[in-house]
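Please load the model in a viewer and keep the sequence panel visible beside it. The tour below proceeds by selection, with a note on what appears at each stop.

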Amino acid sequence: MATITTISESVGANRIVPTVAIPYPIGNPNLNKEDEHTLRKSLVKKALDALTTEVTEPTHFE
Amino acid sequence: MPPEYRPGKVGPAVGFEGLLKGEGEVIGTIICGDNYFNENKQEVMGMILNSIREASPDVFVAGPAFNAGRYGVACAEISKKVAEELKIPVITGMYLENPGLDICKGIAYVISTSDSAGGMRKALPLMASLTEKLVKGIELGAPEIDGYIARGMRKTLFMEKRGSQRAVEMLINRLQGKPFETEMPMPVFDVVSPAAAIKDLRNATIALCTTGGIVPKGNPDRIQSASAQKWGKYDVGGKKALEGFYTTHGGYDPIYANEIPDRVAPWDILKEFEAEGYIGKAFNWFYTTTGTGTSVGKSVEFGVQIGAELKAAGVDCVLLTST
């Protein structure tokens, strides 16, 4: 889970979830509490679901 | 052939002393079969180390090993040991693809040699000139100037032109198709074969790791804020969120992570998924280090260590977040 996904690719990460911003990858202080929670939960769910997906090369899960 | 210490010089050491031009003396030569070394490593290393300790030289020279793999590994292992334990400078010589190179290049000065002993006449003078400098306590120049293989270190230097000027000049040369030399060569990256997919998240144990520098407040293990030399792990099994944590990472604005550390390492969300039964278990230990400026070599080392621990603990998969 990273914002600069080109780095993730270059180090050989195979399941990549693009995130929000460098200082708050899994969060967004500009949102209200509830919306931030929804966003954060959906990002982590994406990552968990990515783990159940077969991949053959570095793959982005948008 | 077991190791043997002979006072004075034997074999290549004879020519080597001549190349020191009277600035140094070869006080002893250690002879050992490379197979014997590799098959009896612990014992041989101890014996060799003792001989060197007794002789107490100012500099230790091994090889050159050219592209001889077992000899290279023997030179590398003993070079590393001598540098670490006896704290004296160590010089060896190897071909770029010698498997011993990666073992010792960070701690020894390794002269780049040809792939066969035919390059002896070229290698020895380079090794001798480095030895001479080290004996005299002269600081070595950059790898390309003094002929050793880059050790993966960065040094602060004063330059005539400031960085922005040098960068623009490099860019102009590049745009004009002229040669330019980068000051920050990029390492070659590995291709990693993907791990198999998890069949059933509901029975999976998932660990959380980050390179975002999230540590308990006060940073008890003193994890570096840049160019990390270590990683930490913290038992957060009893926590619903990473309260009491902050970031020690020196490479991003810490305000948002210090407010809610889970914005960088989403432990709270992982625990929610655990409570809902979406995943089997959020692994109790949280693993962390600082990614900024940390070398690829160190990162690989951390990854191997952390991976081995997680595997042994029965963790099925890992969420790694980075800033």
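**The contact between the chains**

Begin by displaying both chains of this predicted model and selecting the residues where they meet: 26 residues of chain B and 24 residues of chain A take part in the contact. On the side of chain B that touches chain A, helix H9 (255-259), H10 and S11 each supply at least two residues. Strand S11(B) provides the largest share of that side, 4 residues. Colour the side of chain B that touches chain A by residue class, and it divides into 20 nonpolar, 3 polar and 3 charged residues.

A word on confidence is in order before going further. The model has an ipTM of 0.97 and a pTM of 0.61. For chain B the mean pLDDT is 93, with 99% of its residues at 70 or more.

**The four-stranded sheet**

Next, hide chain A and show chain B as a cartoon. In which order do the strands S8, S10, S6 and S11 of the open sheet lie? The order is S8-S10-S6-S11 in chain B, and the pairing is mixed. At the edges are strand S8 (232-235) and strand S11 (317-321) of chain B, each of which pairs on one side only. Neighbouring strands of this sheet are turned against each other by 25° on average, direction ignored. Strand S11(B), an edge strand here, is also the element that gives 4 residues to the side of chain B that touches chain A.

Now select strand S6 (residues 205-210) and strand S10 (residues 281-288) of chain B, which pair in the parallel sense over 5 bridges. To locate one of the bridges, label B:Thr210, whose partner in S10(B) is B:Thr288.

Then add S8(B) to the selection. In which sense does S8(B) pair with S10(B), parallel or antiparallel? The sense is antiparallel, over 4 bridges. Label B:Lys233 here; its bridge partner in S10(B) is B:Tyr287.

Keep S6 and S10 of chain B on screen and add helix H10 (residues 267-275) of chain B, which lies across both strands. This helix runs at about 165° to S10(B). Helix H10 of chain B is one of the elements already met on the side that touches chain A.

**Helices H1 and H6**

Select helix H1 (residues 12-19) and helix H6 (residues 120-136) of chain B. Their axes are 9 Å apart, and the two helices pack at an angle of about 50°. H1(B) is therefore oblique to H6(B). The crossing of H1(B) with H6(B) is right-handed. Show side chains for B:Pro12, B:Gly15, B:Phe16 and B:Leu19 on H1(B), and for B:Met120, B:Leu124, B:Pro125 and B:Ala128 on H6(B), as these residues make the contact. By class, the contact of H1(B) with H6(B) has 7 nonpolar residues, 1 polar and no charged.

**Helices H3 and H4**

For the last stop, select helix H3 (residues 41-55) and helix H4 (residues 69-86) of chain B, whose axes cross at roughly 50° and come within 10 Å. H3(B) and H4(B) are therefore oblique to each other, and their crossing is right-handed. From H3(B), display B:Lys41, B:Met45, B:Ile48, B:Leu49, B:Ile52 and B:Arg53; they meet B:Glu77, B:Ile78, B:Lys81, B:Val82, B:Glu85 and B:Leu86 of H4(B). How many nonpolar, polar and charged residues has the contact of H3(B) with H4(B)? The contact has 7 nonpolar and 5 charged residues, and no polar ones.

Notes: Residues numbered from 1 in each chain as written. Chains lettered and ligands numbered in written order. Predicted model: local features only at pLDDT ≥ 70, side-chain atom pairs only at ≥ 80, totals over all residues. Pairing = 2+ DSSP bridges. Axes fitted to C-alpha atoms, helices over the stretch in contact; angles between N-to-C directions. Contact = placed C-beta atoms within 7 Å. pLDDT = per-residue confidence, 0-100. Nonpolar A, V, L, I, M, F, W, Y, C, P; charged D, E, K, R; others polar. Parallel < 35°, antiparallel > 145°, perpendicular 65-115°, else oblique. Left-handed = near helix turned anticlockwise from the far one by under 90°.
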